Amino acid sequence: MTYKQESIKPYDENGKKGEQVEQMFDRIAHSYDLLNHALSFGIDKHWRKAAIHSLKPHAPRTMLDVATGTGDFAMLAARELKPEHLWAVDISEGMMAVGRDKVKQAGLDGVIDFRREDCMQLTFADNTFDALTVAYGIRNFEDLDRGLREMHRVLVPGGRLVIIELTSPVHFPMKQLFWLYAHVIMPSVGRLISRDSKAYSYLPATMEAFPQGERMQGILQQAGFRTVSFRRFCFGLSTLYEAQK
């Protein structure tokens, strides 16, 4: 199945989305952390902690963080869950270069390893990881169904998937406030700081287009996951999905 966000690309209609997303994140890597926390007013840190805490009862020993970006979520997982090993993967070398420096400074380079991976065709063997996480990156997938099937493949039987993603509110007045924020404030501030005129128009566009709630729950089930649940934060600005292989 084709989903609306898959056809939204950062720069132009031609070319593969994955290649353009890689180019975009390489361009904005220098300012990504600053903008990410500033544009969410720091609330994203609480959402990340909620996602990590959902894995605590399962005590995963081996973890994979997909679309890791600059590694914030991987670092939080390493500190809170204390896995034996955590692979942090992304298609953007620019983002991971920032992440590697942060991980080394935090003394977590013995636990976290970065690797360039295309989530459409992960190089890891079947049944490798106890837990897999995706924080604010799944809406950038070129092929959502294929990416989910790959994540299902590399999880051990009974392994846990946790996805935290930005979503758009559907009820008044948050829906209207979000539109103003996403279409006026975010592109303006993002353009000023990142110096990329397209990135912070692309990102809110994918937030609005990405399937959410019950629809995403069904998509995860179609990919083979079971006991799929979700919960919304801040009137629907972010949604946490939990599933089991």
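## Strand β1 and its partners

Strand β1, residues 62–66, is mostly covered in this predicted model. Four of its five residues are buried. The strand has a partner in β2, residues 85–90. That pairing is parallel and runs over five bridges. Within it, Val-66 has Val-89 of β2 as its bridge partner.

Strand β1 also pairs with β4, residues 129–135. Here four bridges join the two strands, again in the parallel sense. Leu-64 is bridged to Leu-132 in β4. Helix α4 spans residues 72–81. Together with β1 and β2 it makes a β-α-β unit, and the unit is right-handed.

## The sheet as a whole

What is the strand order of the open sheet? It reads β3-β2-β1-β4-β5-β7-β6, seven strands with mixed pairing. The edges belong to β3 and β6, the latter covering residues 226–233. Each has a single partner strand, so one side of each is left without a neighbour in the sheet. From one strand to the next, the twist averages 15°.

## The β6–β7 end

Strands β6 and β7 run antiparallel and are joined by six bridges. Arg-232 stands opposite Thr-239 of β7. Strand β7 itself covers residues 238–244, and Ser-238 is found in it.

Is Ser-238 buried or exposed? Ser-238 has a relative accessible area of 0%, so it counts as buried. Beyond its neighbours within four places in sequence, Ser-238 is in contact with residues from several stretches of the chain, including Trp-47 and Tyr-136. Ile-164, Glu-165, Leu-166 and Thr-167 are also among its contacts. So are Arg-231, Arg-232 and Phe-233. Arg-232 thus appears twice: in contact with Ser-238, and opposite Thr-239.

## Aromatic pairs

A pair of aromatic rings is described by the distance of the centres and the angle of the planes. The count for this model comes to four aromatic pairs. One of them joins Phe-25 and Tyr-32. Their ring centres are 6.0 Å apart and their planes lie at 75°, so the pair is edge-to-face. Phe-25 and Tyr-32 are both buried.

Trp-87 and Phe-124 make a pair with another geometry. The centres are 5.8 Å apart and the planes stand at 55°, so this pair is tilted. Where do the two residues sit? Trp-87 lies in strand β2, and Phe-124 lies in the loop between β3, residues 112–116, and β4. The pair therefore ties together parts that are 37 residues apart in sequence.

The two rings fall into separate accessibility classes. Trp-87 is at 22% relative accessibility, so it counts as partly exposed. Phe-124 has a relative accessible area of 9%, so it is buried. The cut-off for buried is under 20%. Phe-129 joins Trp-87 and Phe-124 in one aromatic cluster.

## Charges over rings

Which residue lies over the face of Trp-87? Arg-115 does, at 4.4 Å from the ring centre. Trp-87 thus takes part in the aromatic cluster with Phe-124 and Phe-129, and its ring face also has Arg-115 over it.

A second charge-over-ring arrangement involves Arg-27 and Tyr-11. The charged end of Arg-27 sits over the Tyr-11 ring, 4.7 Å from its centre.

Note on methods. Residues are numbered from 1 along each chain as its sequence is written. This is a predicted model: local features need pLDDT of at least 70, side-chain atom pairs count only at pLDDT 80 or more; totals for chains, interfaces and linings use all residues. Side-chain values use heavy atoms; hydrogens and water are left out. Buried means under 20% relative accessible area, exposed over 50%, partly exposed in between (1.4 Å probe, protein chains only). Contact means heavy atoms within 4.5 Å. Two strands pair if DSSP finds at least two bridges between them. A crossover is right-handed if, with the strands pointing away from the viewer, the path from the first strand over the helix to the second runs clockwise. Rings of Phe, Tyr and Trp (its six-membered ring) pair if their centres lie within 6.5 Å; planes under 30 degrees apart count as stacked, over 60 as edge-to-face and the rest as tilted. A charge sits over a ring if NZ of Lys or CZ of Arg is within 6 Å of the ring centre and within 35 degrees of the ring normal. Axes are lines fitted to C-alpha atoms, for helices over the stretch in contact, and angles run from 0 to 180 degrees between N-to-C directions.
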